[in-house]
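Colleague: Could you take a close look at one part of this model and walk me through it piece by piece? I'd like to know how the neighbours line up and what ends up covered.

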Amino acid sequence: MLTVLKQNYINSAKRFHQTILYILSGAVVASYIAKLNVSMASMIYYLVLFVACYIFDLIFIKYSQRDDFNSKIYLIKPLVYLGGMIGGSFIGGIPAPLLAMFLLYGLLMICEVTIMNDIYDSMVTYRDFFFYTALVMVAIVVPYRGLFNEAIILLILLLGIFLFLIMHLIRQITIQSLHFMDKKYTNMYFKNLDVTEENSSLMEMQDRLEEVNETINYQRIQLNDALSDLKKKSAETHALIDITQFFTASFDLSESLRYMIEKIVELKSANICCFLIKADVCMNEEPIFEAYTDKNYGRERLRKETTQIFEDFAKSKSRSPLIICDNYDQHLPYFERRGCCITALPAYENDELYGVMIIAGEKYDFFYNGYDFYSTTIVDFTTTMIKDRLYQQTEDMAKKDGLTKIYNRIYFNQVYPDMLQKAKDSGGTISVLMLDIDHFKNVNDTYGHLAGDEAIRSVARADWDVAKKYGGMAVRFGGEEFLLILQDTPLDKAKEIAAELHELIRTTTIHFEDYEININTSLGVANYPQTVQDTELTLDRSDKAMYYGKTHGRGRIIVDSVDNVEP
């Protein structure tokens, strides 16, 4: 507290001391000009003394700003000043009023010594007081030593006692003031500590509140994300339920595939969704490809690059999704220009790769929730495919002949009337080709019934291949008799097809054990309405034409009403 007071006093007394020194300097110069017993040497001497005091104040104030400041250095100033006053008396006398001004300034310095000393150290304070008072007495007596008598000396002593009492009073007032201010400062200090601690507590509480708010905001964001994810999962679950229900009701694989793609595009807003199934997976002789794109891109180009990705999966045997835009070994310009959210997922049945699904979206977070939805969809589709395959196999067994795997007579009897009715209603044509293996009994007798079965299978394959080529229907009508039904095929075209089938069978060598067997057929052709005007007689007329060929040399193609006698 005392140090603070000293520092405050030094800072506030700067201008006061400067003003006093200006006044004293002005008084000396004015006394010299007025020729009031002040010589040139005395004027210069006192001006130098005042400048020295001024410089001391500047240095002292600057030094007081340092951490190692010691206020007792101020004791040098009154010592130099009073010593200078004594020394000035030997240079020349000065007027008594001017001397009184000088001595009053010296007394001010002596009072300041009390502040610069330790106020609680009485011994030091009184010592310095008596020492500097003695200097003041000397400064008074020396200039006027010839004028003093006993009365003046007594007056001077009384003046000294008076000064001592004044100094003692100032000291006591200062001590009491310091006690009061110290107590007040101490109270303020502890109050400030309490306020500081309270502020610190409030700051800590504020920090904790901010942390709680941040935590709440973060949890709110997490909750919103969780709700959003829950909504998406719910939508995905409903979509999977819809897809599964459709799969359960449908036995058409392509139709199921299209529905699945539509639901994925609707739910995920995909830009591309396509699925490729390889051949011979579900009674399909050709690969099945279904696709959706949001723009009019070439379907064949899309199929080509999807096929390439399928082949890459087949080579790598990978079951993990393939992120196409990050796979720089791929060269798929169609997909790569669609953005980076493009992923291919393999479709496996047990350990066999049977297909691939490709999903593309232009949003950067398109696959934010991963690939579980798509993988689950593929699993459901795989189950559906197995179901459809079993159904088709069962249905195929009912429709097709067990030995030849072409349509049997029972299925033919079911669909043939509709084919006739269609031709009759539309004004179209229908051609019926019936063929029978020549000398089939000789094959059985010569090579055995197993060889006969292989001959029947060979004729059935030829019949099936030609039917597939021209969009017809191949049927095993019974025993060694076969049919080829050609819808919307005129007679001339039917004759060409019959010649092609007849030649294919004739030139095909059947390899059975160590034997090479060649067979021939008799073939009859009938056409509605060119050779038959009644649709119901078309089959019978082709049978009769075939029979005519067997009875007239065999190995021939007989056209109804042209090559045989009209019945």
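Modeller: Let's start with strand E3 (residues 322–323), which pairs with E4 in the antiparallel sense over 2 bridges. Strands here are DSSP runs of E with at least two residues, numbered from the N terminus, and a pair needs at least two DSSP bridges between the strands. Before going on, a word on the ground rules: this is a predicted model, where local features need pLDDT of at least 70, side-chain atom pairs count only at pLDDT 80 or more, and totals for chains, interfaces and linings use all residues. Numbering starts from 1 along each chain as its sequence is written, and side-chain values use heavy atoms, with hydrogens and water left out.

Back to E3 and its partner. Leu-322 sits across from Ala-344 in E4, while Ile-323 has Thr-343 of E4 opposite. Now step back to the whole sheet: it is open, has 5 strands in the order E2-E1-E5-E4-E3, and its pairing is antiparallel. Strand E2 (288–293) and E3 are the edge strands, each pairing on one side only.

Next along from E3 comes E4, residues 341–349. How many of the residues of E4 are buried? It's 9 of 9, so the strand is mostly covered; buried means under 20% relative accessible area, with exposed over 50% and partly exposed in between (1.4 Å probe, protein chains only). In a regular strand, side chains alternate between the two faces of the sheet. For E4, that cover holds on both faces. Cys-341, Thr-343, Leu-345, Ala-347 and Glu-349 are buried on one side, and Ile-342, Ala-344, Pro-346 and Tyr-348 are buried on the other. Two of these have already come up: Thr-343 is the one opposite Ile-323, and Ala-344 is the one opposite Leu-322.

On to the other neighbour of E4. Strand E5 (residues 352–361) runs antiparallel to E4, and 9 bridges join them. Among the bridge partners, Ala-347 is matched with Gly-355 in E5. E4 and E5 form a hairpin with 2 residues between the strands, and there Asn-350 takes a positive phi near 60°.

Cross E5 and you reach E1. These two also run antiparallel, joined by 6 bridges, and Cys-273 stands opposite Ile-359 in E5. Strand E1 covers residues 272–277, and 6 of its 6 residues are buried, so this one is mostly covered too. Both faces are covered again: Ile-272, Cys-274 and Leu-276 are buried on one side, with Cys-273, Phe-275 and Ile-277 buried on the other. That puts Cys-273, the residue opposite Ile-359, on the face it shares with Phe-275 and Ile-277.

Finally, the far edge. E1 pairs with E2 in the antiparallel sense over 6 bridges, and Leu-276 has Phe-289 as its bridge partner in E2. Leu-276 belongs to the E1 face that also holds Ile-272 and Cys-274. With E2 we're at an edge strand, as we were with E3.

So if you trace the sheet on screen, follow the order E2-E1-E5-E4-E3. Going back from the E2 end, you cross 6 bridges between E1 and E2, 6 between E1 and E5, 9 between E4 and E5, and 2 between E3 and E4.

Key. Helix = DSSP H or I, 4+ residues; strand = E, 2+ residues; numbered from the N terminus.
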